[in-house]
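Biologist: I would like a close look at a single part of this protein, set in the context of the rest. Please keep to what the coordinates show.

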Amino acid sequence: MIAVQSVETDRRPNLFHFTRLQRPIVDRADGIYLWDKSGRRYIDGSSGAVNVNVGHGNRNVIDAMKRQLDRVSFAYIFQFENEQAIELARGLADRLPNGLDRIYFVSGGSEAIEACLKLARQWAVATGQDKRWKIIGRMPSYHGVTIGTLAVTGDDILTKTFDAIGRPMPLVPAPFVHRDHDNLSTEQRGIRYADMLEEKILEEGPESVLAFVVEPIGGAATAALVPPNSYFPRIREICDRYGILLIHDEVMTGIGRTGKFLGGDHWSCRPDIVALSKGLSSGYAPLGALAATQRIVGPVVETGGFLHGHTYGGNPVACAAGVAVLGEVDRLGLVENSAIMGELLRGEFEALTRRFPFIADVRGKGLFMGAEIYADPLAKEPLPQGLNANLRLIDLAFERGLIIYSRRVRGGPVSDNFMVCPPLIVTSDQIGEIIAVLGDSLQALASELDL
Ligand code: PLP
């Protein structure tokens, strides 16, 4: 593994990270670009952690936060409501489908999922369904790093160490339909993968199953894995048949990322609870939320209220950022731009597969685009795991001034996938710029690994 840059490492001996490498120290950021202390420019082709949806340095968001800081920087949610939280909740309720109009604020994605799991469980208890506690997740998947979210995450590397103190939940396979060699059509495969949920429910005992948690379009673990159109309607049917709650993790896919306000909006899905974060504040403040229907929240409130709450839940400055971000999403037409630029990006990705035959399975929606690197794309044969080709591609791109997104996951169909997810303000010229550097990086990867 090659260190990207070892700038000023001696000046930060007290930080420790989960990253593999010392990274350059960031200096400033604007639009889709970041600069490090040495003046090097980077194209943010990953929107940070797929969260900086409105781009860096947005004046309206910054000014709204400053105004809020000047008025009230903090008021404890158990003592005061604040206007920013009220307004953001209303803004979300107006944009979310199917009566998902009861909003609860937290400070990030893991917290949002954790709150969803607890709300679901408390709903079961409040409605006399105490026996329901199992929450089924998918393999592979990523829902966060807290003990509760790890329990529903399908990633052997992340969960192995902590299973001893958590309670690992049942998992069903994510629909990697492009990997299957059978005579079924894509839509038939979608049904087959959805039916695996029913099989799991029956195996576990339907009376013990509480919920199914799923990303509408799989992100970190599966690189923009889009299910067939048949998948989610069948999932909803199955959940309804057994009285099981459907929880959508929209932490990465929400707030316009996939060319709709929510990723689930591509299929008119009707989740019972939705988790949001990332794009909600676009990185300007730590912020997350859950949205649920009155059917879920009502019994919980009536029986004494949600047994949950963080010091920073509904923080006025974070919520001011959220309100301003929603304003910018509307003002700049970012959901629409994501859809339009996403199609351009898909075309460019397809062109890359022709130039680099080791790349295949381009997928995604909006500015949430992924692909896989194979030893043999036709046979779907992955590269040897030890090569860590996707991590190497990240480094090669970074050295060339482009940030892309990829994680190494263990469990399920392991592959070297990568994603390009620039801020939703990206222009067509900037897509061209991204693809040019990505092409150079793939060329370098091909020479290095003899692909
Ligand atoms: N859920 C999904 C789908 C995510 O992609 C992430 C983070 O990448 C999380 C949850 C956890 O969010 P956070 O890192 O803010 O805790």
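Does Gly 205 count as buried or exposed, and why?

Modeller: The model is predicted. In it, Gly 205 counts as exposed, because it has 10 C-beta neighbours inside 10 Å and the cut-off for exposed is 12 or fewer. The place of Gly 205 is the loop that runs between α7 (186–204) and β7 (209–214). From the C-alpha atom of Gly 205 to that of Cys 319 the separation is 41 Å, with the two positions 114 residues apart along the chain.

As for the wider setting, the domain assignment gives domain 1 as 9–54 + 333–449 and domain 2 as 60–331. Their C-alpha centres are 25 Å apart. Across the boundary, 33 residues of domain 1 are in contact with 37 residues of domain 2. On the domain 1 side, α1 (47–50), α11 (334–355), β11 (359–364), β12 (369–376) and β15 (416–420) each supply at least two residues. Of these, α11 gives the most, with five residues. By class, that side of domain 1 has 16 nonpolar, eleven polar and six charged residues.

The ligand is the remaining part. It is surrounded by 15 residues, the closest being Gly 108, Gly 109, Ser 110, Gly 144 and Val 251. Helix α4 (residues 109–126) gives the most to this shell, with three residues. The shell around the ligand divides into six nonpolar, seven polar and two charged residues.

Technical notes:
Residues numbered from 1 in each chain as written. Predicted model: local features only at pLDDT ≥ 70, side-chain atom pairs only at ≥ 80, totals over all residues. Near = placed C-beta within 6 Å. Helix = DSSP H or I, 4+ residues; strand = E, 2+ residues; numbered from the N terminus. Nonpolar A, V, L, I, M, F, W, Y, C, P; charged D, E, K, R; others polar. Domains from an automatic or database assignment. Contact = placed C-beta atoms within 7 Å. Buried ≥ 20, exposed ≤ 12 C-beta atoms within 10 Å, placed from the backbone.
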